[in-house]
Amino acid sequence: MNMVSKTAKSPVAPSVGALLAEARVARGYSLDDVAETTGLTVAEVTALENDADFDASRIRRTASALGILEKIWAS
């Protein structure tokens, strides 16, 4: 088995940003909805979803608002 085959079969855990974005879309929320609910700006929510911001407080607030706090901290 070559290295490419091993890599292709390895599961990859989604990033925190991907989990936040997926949860937001699954719930039908816009970036504006999440920003308003969390007290963050749209730019801050976008940065979290793009894995450009790793502020634990912002991640916690957003994950809690989206109902995935346990999923985020378990990953």
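In these legends, contact means that heavy atoms lie within 4.5 Å. The helices (H or I, at least four residues) and strands (E, at least two) are DSSP runs, numbered from the N terminus. The model is predicted: local features need pLDDT of at least 70, side-chain atom pairs count only at pLDDT 80 or more, and totals for chains, interfaces and linings use all residues. Residues are numbered from 1 along each chain as its sequence is written, and side-chain values use heavy atoms, with hydrogens and water left out.

**Figure 1. The whole protein, with 6 helices and 0 strands.**
From the N terminus on, the order of elements is α-α-α-α-α-α. Of the 75 residues in the protein, 27% are buried (buried is under 20% relative accessible area, exposed is over 50%, and partly exposed is in between, with a 1.4 Å probe and protein chains only). Among contacts with a separation of 6 or more, 51% are between residues 24 or more positions apart. The accessible surface is about 4,900 Å², and carbon and sulfur atoms account for 56% of that surface (Shrake-Rupley method, 1.4 Å probe; for residues, only the protein chains shown count as cover).

**Figure 2. The buried residues of helix H5 and what covers them.**
Ile 59, Thr 62 and Ala 63 are the residues to find in H5, where they are buried. Seen down the axis of H5, these buried residues fall within an arc of 100 degrees, so they line one face of the helix (the arc is that of the directions from the helix axis to the C-beta atoms). Their cover includes H2, H3, H4 and helix H6 (69-74). Ala 63 shows part of this packing: leaving aside neighbours within four places in sequence, Ala 63 is in contact with Leu 20, Ile 68, Leu 69 and Ile 72. At the start of H5, a side-chain oxygen of Asp 55 comes to within 3.1 Å of the backbone nitrogen of Ser 57. After H5 comes Gly 67, which has a positive phi near 75 degrees.

**Figure 3. Helix H4 and the loop that holds Asp 51.**
Val 45, Leu 48 and Glu 49 are buried in H4. They cover an arc of only 95 degrees around the axis, so they are on the same side of H4. Helix H2 (16-26), helix H3 (31-38) and H5 are included in their cover. Asp 51 lies in the loop between helix H4 (42-49) and helix H5 (56-65). The phi of Asp 51 is positive, about 55 degrees, although this residue is not a glycine. Asp 51 is partly exposed, because its relative accessible area is 26%.

**Figure 4. The largest nonpolar core, with 13 residues.**
A nonpolar core is a set of buried Ala, Val, Leu, Ile, Met, Phe, Trp, Tyr and Cys residues joined through side-chain atoms within 4.5 Å. The residues with the most contacts inside the largest core are Leu 20, Val 45, Leu 48, Ala 63, Leu 66, Ile 68 and Ile 72. H2, H3, H4 and H5 are the elements that give two or more residues to this core. H2 gives the most, with 3 residues. In soluble globular proteins, nonpolar side chains tend to be buried together. The buried residues of H2 are Gly 17, Leu 19, Leu 20, Ala 21, Ala 23 and Arg 24, and their cover includes H3, H4, H5 and H6. Gly 28 follows H2, with a positive phi near 75 degrees.

**Figure 5. The surroundings of Thr 38 in helix H3.**
Thr 38 counts as buried because its relative accessibility is 10%. Its side chain reaches the backbone oxygen of Ala 35 at 3.4 Å. Apart from neighbours within four places in sequence, Thr 38 is in contact with Val 45, Arg 61, Thr 62 and Ala 65.

**Figure 6. The 3 salt bridges.**
A salt bridge is a side-chain nitrogen of Lys or Arg within 4 Å of a carboxyl oxygen of Asp or Glu. Arg 24 forms one with Glu 49, and the closest N and O atoms are 2.6 Å apart. This pair links distant parts of the chain, with Arg 24 in helix H2 and Glu 49 in helix H4, 25 residues apart. Both Arg 24 and Glu 49 are buried. Glu 44 and Arg 58 form another salt bridge, at 3.4 Å from N to O. That pair also links distant parts of the chain: Glu 44 is in helix H4 and Arg 58 in helix H5, 14 residues apart. Arg 58 also meets Asp 53 in a salt bridge, at 2.7 Å from N to O. Glu 44, Asp 53 and Arg 58 are thus linked in a network of salt bridges. Glu 44 is partly exposed, with a relative accessible area of 22%, and Arg 58 counts as partly exposed at 25% relative accessibility. Asp 53, at 14% relative accessibility, counts as buried.

Technical notes. A polar contact is a pair of N or O atoms within 3.5 Å; within protein, one must be able to donate a hydrogen and the other to accept it, and residues adjacent in sequence count only if both atoms are side-chain atoms.
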